Amino acid sequence: MRQRLQRQLGSRRSLKNMHIGTFHEICIELLQKQGLEFTIADEMQTRELAEELIGEYGLNLNVKQFQSSLSLIKNRQEHRIPKGESLPEACVRQYQDRLGSLKALDFDDILTETIRLLKDNPKVKGKSFSYLFVDEFQDINKVQYEIVRMLAGKGDHLFIVGDDDQSIYHFRGARPEIMLNFTKDYPKAETVLLNVNYRCSKNILRTA
């Protein structure tokens, strides 16, 4: 993304003061700037931890199901694992305690820790970004949106782009209705509809 933007702007424009990346990359940067010491749990660590807890709590789940359920819980989604059972709260706490003993964060913790940082240190959000641009907004989830709102404040310098017809990540917590209800949260927002398709041929568009 940085390379493409540099080509568009030309060599005379510096990107030094621009923060370009995914939600997780930007959040890691914010956490590290505040001096937080942590490692990011790798796939082997989280897998071993999931296997331990599945055995200890006698859960009728495989590792992938456990991790998916845990991720959705952390991203504040209502979710029930197979056979209508809930992932035990004690099990979730154990997972977090054991990660904490390693001073490690998993993929979802990166976001939740950023929310905690922004709530505990109001000055951080005020100094983070003069302008905020979020692409693929149709795939945002509740936790990510909370981060955006905390960083954007009144939203005077917030710009989003998205297409609710292209939302494909509902299974991992994406909520296109967040984008559809955006003007309720920011009633002064201006909406620009891009309704000309330059990607497809006329035959495809007619069929669609």
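## A look at the cores and loops

The largest nonpolar core of this protein has 30 residues, and those with the most contacts inside it are Leu132, Phe137, Tyr145, Ile147, Val148, Leu151 and Leu158. A nonpolar core here is a set of buried Ala, Val, Leu, Ile, Met, Phe, Trp, Tyr and Cys residues joined through side-chain atoms within 4.5 Å. Buried means under 20% relative accessible area, exposed means over 50%, and partly exposed is in between (1.4 Å probe, protein chains only). At least two residues of this core come from each of helix H2 (23-33), helix H6 (107-120), strand E3 (132-134), helix H8 (142-152) and helix H9 (176-180). H8 gives the most, with 7 residues. A second, separate core of 16 residues includes Ala41, Leu53, Phe66 and Leu99. In soluble globular proteins, nonpolar side chains tend to be buried together.

Please keep in mind that this is a predicted model: local features need pLDDT of at least 70, side-chain atom pairs count only at pLDDT 80 or more, and totals for chains, interfaces and linings use all residues. Residues are numbered from 1 along each chain as its sequence is written, and side-chain values use heavy atoms, with hydrogens and water left out.

What is Val148 in contact with, leaving aside its neighbours within four places in sequence? The partners are Phe23, Leu132, Val134, Ile140 and Leu158, where contact means heavy atoms within 4.5 Å.

Now step back to the whole protein. Its secondary structure comes to 11 helices and 4 strands; these are DSSP runs (helices: H or I, at least four residues; strands: E, at least two), numbered from the N terminus. The C-alpha trace spans about 55 × 50 × 35 Å along its principal axes. Of the 208 residues, 34% count as buried. Among contacts between residues at least 6 apart in sequence, 65% join residues at least 24 apart.

Two loop residues deserve a visit, and the table puts them side by side.

| Residue | Phi | Loop | Relative accessible area |
|---|---|---|---|
| Lys103 | near 55 degrees | between helix H5 (89-101) and strand E2 (104-105) | 56%, exposed |
| Glu136 | about 50 degrees | between E3 and H8 | 44%, partly exposed |

Why look at phi here? Most residues other than glycine have a negative phi. Lys103 has a positive value without being a glycine, and Glu136 also has a positive phi although it is not a glycine.
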